[in-house]
Amino acid sequence: MKCPNCGQEMIDIKDFCINCGARLKTEKEGISLKALLLIFGLIIIVTIIACYLIMHYNEKKEIEPYLNKNAITEKE
Ligand SMILES: [Zn+2]
């Protein structure tokens, strides 16, 4: 691995360059950041889908509660 700042060749992967002290992006950090963004994105998508389904479910329930009796199995 080479330092992107000064080009110092490094044997061990460290957070900081031993030559110039520049902060290095380790592979581990890249994966965790990617995973964090992925999880954050998934939470947003799931929340949007959940809101959409809840809204439509309530709407349908109010309009036609007896027509789709087989679809709605919720006890009241
Ligand atoms: Zn360096």
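Among contacts in the chain between residues at least 6 apart in sequence, what percentage join residues at least 24 apart? In this predicted model, the share of such contacts that join residues at least 24 apart is 0%. The secondary structure amounts to one helix and zero strands, and of the 76 residues in the chain, 0% count as buried.

Two residues of the segment before helix 1 allow a more detailed reading. Cys3 belongs to this segment, with helix 1 itself spanning 27–63, and Asn5 has its place in the segment before helix 1 as well.

Around Cys3 there are 18 other C-beta atoms within 10 Å, and because a residue needs 20 or more to be buried, Cys3 is classed as partly exposed. Leaving aside residues up to four places away in sequence, Cys3 touches Gln8, Met10, Cys17, Asn19, Cys20, Ala22 and Leu24. A separation of 15 residues in sequence lies between Cys3 and Ile18, while their C-alpha atoms are 9.1 Å apart in space.

For Asn5, the count is 13 other C-beta atoms within 10 Å, and since a residue is exposed at 12 or fewer, Asn5 too is described as partly exposed. With residues up to four places away in sequence again not counted, the residues that Asn5 touches are Cys17, Cys20 and Ala22, and Cys17, Cys20 and Ala22 also appear among the contacts of Cys3. Asn5 and Gly21, for their part, are 16 residues apart in sequence, with a distance of 9.1 Å from C-alpha to C-alpha.

Methods:
Residues are numbered from 1 along each chain as its sequence is written. This is a predicted model: local features need pLDDT of at least 70, side-chain atom pairs count only at pLDDT 80 or more; totals for chains, interfaces and linings use all residues. Helices (H or I, at least four residues) and strands (E, at least two) are DSSP runs, numbered from the N terminus. Two residues are in contact if their C-beta atoms, placed from the backbone, lie within 7 Å.
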